[in-house]
Amino acid sequence: MNNQATLGIAFDLEGTVVDLEKFHWQGHILAAEKAGVKIGDFDEMFRVLPHSIGGPDRRVAEEIFELSDKNLSVKDIEDFDVAGYRESLFAIPEIQPRPGFLDIFHKLEHMGLGLAIGSLTREDEANFILKKAGLTKIFRPANIILHSHVKELKPHPEVFLLTAERMGIPSKQQLVFEDSPRGVQAAIAAESRAVGMPVNYKGETVAKLVDAGAMPIFTSWKQIGIENLLKSFEGES
């Protein structure tokens with residue numbers, strides 16, 4: 001990549017910072033049932049719906065449609081999926097960042113690095129999550145990039161080009177934390193470095209992140225020695 005120092009960090013929101021994936025997965029399974037596709041558990045879902053991690057919802061709906069008897073349209077399936085997720089999401093009384101995230105955030109803040117959110121979550125959902133998790137108190141509003149701020153979805157690099165721009169740094173000196181292969185691909189396409197932070201730690205999930213360009217991979221924020229991690233990137237050629 002390069003041996004320049006990291007000047008800013010961009011975080012994906014859902015999965016990476018807050019773990020709400022089970023609500024998305026429940027939405028996928030319920031939408032599949034509406035389409036006549038029986039999915040027994042999350043492990044089976046990961047096998048038959050490759051986009052169930054990282055989305056987008058339209059691609060998941062297309063995958064369900066191909067498995068179904070075609071009585072529901074892709075749009076109908078997507079609408080059922082999104083409605084199920086939103087009903088669960090807005091009923092959550094409290095949302096906590098993944099354990100260890102806030103410690104890492106404050107260390108980076110103390111180091112004077114730029115900090116941003118790069119998420120393609122829908123605006124109302126993202127704002128609900130950000131507020132419930134207390135993240136609106138620690139991120140600058142201008143550094144929170146959401147679905148409505150971009151024209152292209154991940155794996156297009158637009159979202160992470162914009163986070164770098166808002167932090168006032170070259171995208172080559174941006175480090176991105178992501179939990180999905182599409183997000184990692186977006187970071188790499190923006191010429192940023194990418195670190196994997198999966199919620200589902202099964203071998204196939206981790207392998208997809210590595211194939212997309214994430215390195216290293218962590219299963220918990222508590223595993224990360226952030227100073228050593230940043231120094232390791234400075235030594236790259």
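User: Looking at this model, which residues of β2 point one way and which the other, and are they buried or exposed?

Analyst: Gly-114, Ala-116 and Gly-118 point one way from β2, Leu-115 and Ile-117 point the other way, and all of them are buried. Keep in mind that this is a predicted model.

User: Okay, what makes β2 "largely enclosed"?

Analyst: Just a head count against the cut-off. A residue is called buried when its relative accessible area is under 20%. Five of the five residues of β2 pass, so the strand counts as largely enclosed by the rest of the structure.

User: How do you know what β2 pairs with, and in which sense, parallel or antiparallel?

Analyst: Count the bridges: pairing takes at least two of them. β1 and β2 (residues 114-118) are joined by four, running parallel. Between β2 and β3 there are two bridges, also parallel. Both counts reach the cut-off, so β2 pairs with β1 as well as with β3. If you want to click on some partners, Gly-8 stands opposite Gly-114, Ala-10 is bridged to Ala-116, and Gly-118 has Ile-145 of β3 as its bridge partner.

User: And which strands are called edge strands in the sheet, and why?

Analyst: Five strands make an open sheet in the order β3-β2-β1-β4-β5, with parallel pairing. The edges are β3 (144-145) and β5, each of which pairs on one side only. For β5, the pairing is with β4 (residues 174-178), in the parallel sense over four bridges. One example is Val-176, whose bridge partner in β5 is Ala-194.

User: What makes you say that both faces of β5 are covered?

Analyst: Check each side of the strand, residues 193-196. Arg-193 and Val-195 on one side are buried, and so are Ala-194 and Gly-196 on the other. Buried means under 20%, so with residues on either side passing that test, both faces count as covered.

User: Why is Thr-16 called buried?

Analyst: Its relative accessible area is 0%, and the cut-off is under 20%, so Thr-16 qualifies as buried. You'll find it in the loop between β1 (8-11) and α1 (21-34). Not counting residues up to four places away in sequence, Thr-16 touches Arg-98, Phe-177, Glu-178, Asp-179, Met-197 and Trp-221.

User: What makes the pair Thr-16 and Asp-179 a polar contact?

Analyst: The backbone nitrogen of Asp-179 is 3.1 Å from a polar atom of the Thr-16 side chain. The limit for N or O atoms is within 3.5 Å, so that distance fits.

User: How about Ser-119: where is it, and why is it called buried?

Analyst: Ser-119 sits in the loop between β2 and α6 (123-132). Its relative accessible area is 1%, so against the under 20% cut-off it counts as buried. A polar contact of 2.9 Å links its side chain to that of Thr-121. Leaving aside neighbours within four places in sequence, residues in contact with Ser-119 include Asp-12, Leu-13, His-147 and Lys-154.

User: Which residues of α6 are buried, and what do they pack against?

Analyst: Glu-125, Ala-126, Phe-128, Ile-129 and Leu-130 are the buried ones in α6, and they pack against α4 and β3. After that helix comes Gly-134, with a positive phi near 75°. As a comparison case, helix α3 (residues 57-67) buries Asp-57, Val-60, Ala-61, Glu-63, Ile-64 and Phe-65, with α1 and α4 (74-89) among what covers them.

User: What makes the largest cavity a cavity and the second largest pocket a pocket?

Analyst: Whether the probe can escape. In a cavity a 1.4 Å probe fits but cannot get out, while a pocket is an open set of points. The search turns up one cavity of 30 Å³ or more, with a volume of about 30 Å³. Residues including Glu-21, Trp-25, Ile-53 and Asp-179 line that cavity. The second largest pocket comes out at about 270 Å³. Its lining has 15 residues, with Phe-46, Pro-50, Ile-53, Glu-204 and Lys-208 nearest the centre.

User: How many residues of each class line that pocket?

Analyst: The second largest pocket is lined by five nonpolar, four polar and six charged residues. The cavity lining, by contrast, splits into four nonpolar, two polar and two charged.

Terms used: Residues numbered from 1 in each chain as written. Predicted model: local features only at pLDDT ≥ 70, side-chain atom pairs only at ≥ 80, totals over all residues. Heavy atoms only, no water. 1 Å grid on protein atoms, 1.4 Å probe; cavity = no way out; pocket = protein on both sides within 12 Å on 5 of 7 lines; lining within 4 Å. Points joined across faces, edges and corners; volume = space filled by probe spheres on them. Nonpolar A, V, L, I, M, F, W, Y, C, P; charged D, E, K, R; others polar. Buried < 20%, exposed > 50% of the residue type's maximum accessible area, 1.4 Å probe, protein only. Polar contact = N/O pair within 3.5 Å; in protein donor to acceptor, adjacent residues only side chain to side chain. Contact = heavy atoms within 4.5 Å.
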